[in-house]
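Please look at the sequence and the structure shown below, and then read the short report that follows on its aromatic rings and on one meeting of helices.

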Amino acid sequence: MTCVLLISGSTRDGSLHTAALRTASRLAPPEVDATLYTGLRDLPAFVPGDPEPPASVIELRNRVAAADAVLFSTPEYMGSLPGSLKNLLEWLVDGGVLNGKAAAWLSVVGPGQDEGARTGLETVLGHGGARVLRAACARIPLDMRAVDEQGLVTDPQLHQALQDMLQALVRTLAMARPAPSWQVHSSLYPVITASDTPAFGRRPDFNGF
């Protein structure tokens, strides 16, 4: 079982980013435990070096530490990350839980509409020592007309695109893990090189979505 924590950078109830992640969590394949984080609004302002962080921060850090990967989807505000998401990331960086953590992003808008946010996200993740799995990052443009009253994406084609995105994340994560020690040292189980494996690292074709 691969555990993926889904984090939306929006605090708006009708956010496309949250709707996409909420739908992805419900469509996750059996081998993936994809859980949507819903505590963004409850996080207090970041206090550098706080020796006793609030319970909401401890819970967030524990959930990130327990996840195999973290998938972000965020809007762009004023050419950069929303302040609420930046605050969340600062708590994570300060706690050291992003160090070595696999991370990816999902964009739900067209090209050129969130470059500042995505660049800012990758910059902060880099400062925290996270491993951005670029081959698992995806752009699946959505429209509010594709979201129902429950905040779920209804288009079957978009459902398939979200499922493909999660599967690509799992495959990329598996390829990024170091080989077991027995594979490195045993002549009976030789290491499989990149040339021997399918190109799972490539971003899947979402047929325009």
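Is Phe 46 buried, partly exposed or exposed? In this predicted model, Phe 46 has a relative accessible area of 22%, and because the partly exposed class runs between 20% and 50%, Phe 46 counts as partly exposed. Trp 91, in turn, has a relative accessible area of 0% and is therefore buried.

| Residue | Relative accessible area | Class |
|---|---|---|
| Phe 46 | 22% | partly exposed |
| Trp 91 | 0% | buried |

A search of the whole structure finds 1 aromatic pair. Its members are Phe 46 and Trp 91, whose ring centres are 5.2 Å apart and whose planes stand at 90°, so the pair is edge-to-face. This pair joins distant parts of the chain, since Phe 46 belongs to the loop between strand 2 (32–37) and helix 2 (55–66), while Trp 91 belongs to helix 3 (residues 83–95), 45 residues apart.

Another ring has a charged neighbour: Arg 118 lies over the face of Trp 105, at 4.3 Å from the ring centre.

Turning to the helices, the axes of helix 1 (residues 16–27) and helix 5 (residues 156–176) come within 9 Å of each other and cross at roughly 75°, which means that helix 1 is roughly perpendicular to helix 5. On the side of helix 1, the contact is made by Ala 20, Thr 23, Ala 24 and Leu 27, and on the side of helix 5 by His 159, Leu 162, Gln 163, Met 165 and Leu 166. Sorted by character, the residues of this contact comprise 6 nonpolar and 3 polar ones, with no charged residue.

Technical notes
Residues numbered from 1 in each chain as written. Predicted model: local features only at pLDDT ≥ 70, side-chain atom pairs only at ≥ 80, totals over all residues. Heavy atoms only, no water. Phe/Tyr/Trp six-rings, centres within 6.5 Å; stacked < 30°, edge-to-face > 60°. Helix = DSSP H or I, 4+ residues; strand = E, 2+ residues; numbered from the N terminus. Buried < 20%, exposed > 50% of the residue type's maximum accessible area, 1.4 Å probe, protein only. Lys NZ or Arg CZ within 6 Å of the ring centre and 35° of its normal. Axes fitted to C-alpha atoms, helices over the stretch in contact; angles between N-to-C directions. Parallel < 35°, antiparallel > 145°, perpendicular 65-115°, else oblique. Contact = heavy atoms within 4.5 Å. Nonpolar A, V, L, I, M, F, W, Y, C, P; charged D, E, K, R; others polar.
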